[in-house]
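Let's walk through this fold together, going from how its helices pack to a few residues worth a second look. Have the viewer ready.

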Amino acid sequence: MKILVCGAGGMLGRDLVRAGAAAGHEVSGLTRAELDVTDRGAVRRALADARPDALLNCAGWTDVDGAEEHEAEATRVNGDGAGNVAGEAAEAGARVLYVSSDYVFDGAKAEPYLESDATAPLSAYGRSKLAGETATAAANRRHFVVRSSWLFGAGGGNFVVTMLRLGRERDELRVVHDQVGCPTWTGHLAEGLLGVVTREEYGVHHLAGGGQCSWCDFAREIFKQAGLSCEVHPITTAEYPLPATRPAYSVLRSGRGLELPAWQDGLERYLAEQKAPAP
């Protein structure tokens, strides 16, 4: 399959380009500097040049807290930009995949969220991602909306990077324990997305690391696997307020039978990758 990745400079985009090539696909990628998805004409020209069978849209506004003060800008990228990508893909005869978020849910459910569950975002970021889902579905009949969560991978800032830095600087940390989700390594997610886009099961999909944990549990496992001696003390969300409201429980499961390896396995792979010498 001939695949074009938008947002190829980010954690997930990089892994998608790499995984796609390893799987034998003809893959090209465009970074944010190379393609502004809010510029529909630029998207049209990029598709005319690449002529892909499938377009994987990883481009997006990712600053969750920053979106609270800049919701219009976040929605322009995550919503309008997604519509541009999906619409131009449809015009070019290509299928499109939009990467969305667990933050489209309010976290009030007491069991894992399925694709069929009602959305109710609590934050500007969540609303902007839901706008992208809606725009993608409206603009291209051959669409995939894939929700994932708590991403970490090479080439970008993430929770693991932050914890490793702090764990080397301090003997103890306070980390939120009353938010529960599914940490997802972008290497595993990239392989899963390629599996989704090569089939014709259009619509909404959930794809996240297997299992679940709190941020506090995640931090402890990071230190355990990295061999760092840093004690982690649980605190509540109220004790660590942030501009954007996060869902308390946003565990994702797929009613379509999709699964990724356990999040602990993803963390192990990520840490091993970080230690490996550059080729």
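Helices (DSSP runs of H or I, at least four residues) and strands (runs of E, at least two) are numbered from the N terminus. Keep in mind that this is a predicted model, where local features need pLDDT of at least 70, side-chain atom pairs count only at pLDDT 80 or more, and totals for chains, interfaces and linings use all residues. Residues are numbered from 1 along each chain as its sequence is written, and side-chain values use heavy atoms, with hydrogens and water left out.

Start with threonine 136, which sits in helix α4. Is threonine 136 buried or exposed? The cut-offs are these: buried means under 20% relative accessible area, exposed means over 50%, and partly exposed is in between, with a 1.4 Å probe and protein chains only. Threonine 136 counts as buried because its relative accessibility is 1%. Contact here means heavy atoms within 4.5 Å. Setting aside neighbours within four places in sequence, threonine 136 is in contact with Ala82, Ala86, Val96, Tyr98, His143 and Val145.

Now for the helix pairs. Two packed helices are described by the angle between their axes and the distance between the axes. The axes are lines fitted to C-alpha atoms, for helices over the stretch in contact, and the angles run from 0 to 180 degrees between N-to-C directions. Look first at α1 (residues 11–22) and α6 (residues 186–197), whose axes come within 8 Å and cross at roughly 55°. That makes α1 oblique to α6; angles under 35 degrees count as roughly parallel, over 145 as roughly antiparallel, 65 to 115 as roughly perpendicular, and the rest as oblique. The crossing of α1 and α6 is right-handed, meaning that the near helix is turned clockwise from the far one by less than a right angle, with anticlockwise being left-handed. On the α1 side, Met11, Leu12, Asp15, Leu16, Ala19 and Gly20 take part, and they meet Thr186, Gly187, Leu189, Ala190, Glu191, Leu193 and Leu194 of α6. Sorted by class, that contact of α1 with α6 has eight nonpolar, three polar and two charged residues. For the classes, Ala, Val, Leu, Ile, Met, Phe, Trp, Tyr, Cys and Pro count as nonpolar, Asp, Glu, Lys and Arg as charged, and the others, Gly among them, as polar.

Next, swing over to α5 and α7, with axes that come within 10 Å and cross at roughly 60°. This crossing of α5 and α7 is right-handed too. From α5, Phe159, Val160, Met163, Leu164 and Gly167 meet Trp215, Phe218, Ala219, Ile222, Phe223 and Ala226 of α7. By class, the contact of α5 with α7 comes out at 10 nonpolar, one polar and no charged residues.

Helix α7 also packs on α8, at an angle of about 45° and with the axes 11 Å apart. That makes α7 oblique to α8. The contact takes in Asp217, Phe218, Glu221, Ile222, Gln225 and Ala226 of α7, along with Trp263, Gln264, Leu267, Glu268 and Leu271 of α8. The class split for α7 with α8 is six nonpolar, two polar and three charged.

What about the core? A nonpolar core is a set of buried Ala, Val, Leu, Ile, Met, Phe, Trp, Tyr and Cys residues joined through side-chain atoms within 4.5 Å. In the largest one, with 30 residues, Phe159, Val160, Met163, Val175, Phe218, Ile222 and Phe223 touch the most other members. Two or more residues each come from α4 (124–139), α5 (159–169), β7 (172–176), α7 (215–226) and α8 (263–275), and α7 gives the most, with six. A second, separate core has 21 residues, including Ala54, Val99, Leu189 and Leu194.

Phenylalanine 223 touches Met163, Gly167, Leu173, Leu228, Cys230 and Val232, not counting residues up to four places away in sequence. Leucine 228, in turn, lies in the loop between α7 and β12 (231–235). By C-alpha atoms, leucine 228 and arginine 168 are 7.1 Å apart in space and 60 residues apart in sequence.

Finally, two backbone oddities. Most residues other than glycine have a negative phi. Arginine 51, though, has a positive phi of about 50°, and tryptophan 150 has a positive phi near 50°. Arginine 51 is in the loop between α2 (40–50) and β3 (54–57) and counts as exposed at 65% relative accessibility. Tryptophan 150, in the loop between β5 (143–148) and β6 (151–152), is buried, with a relative accessible area of 9%.
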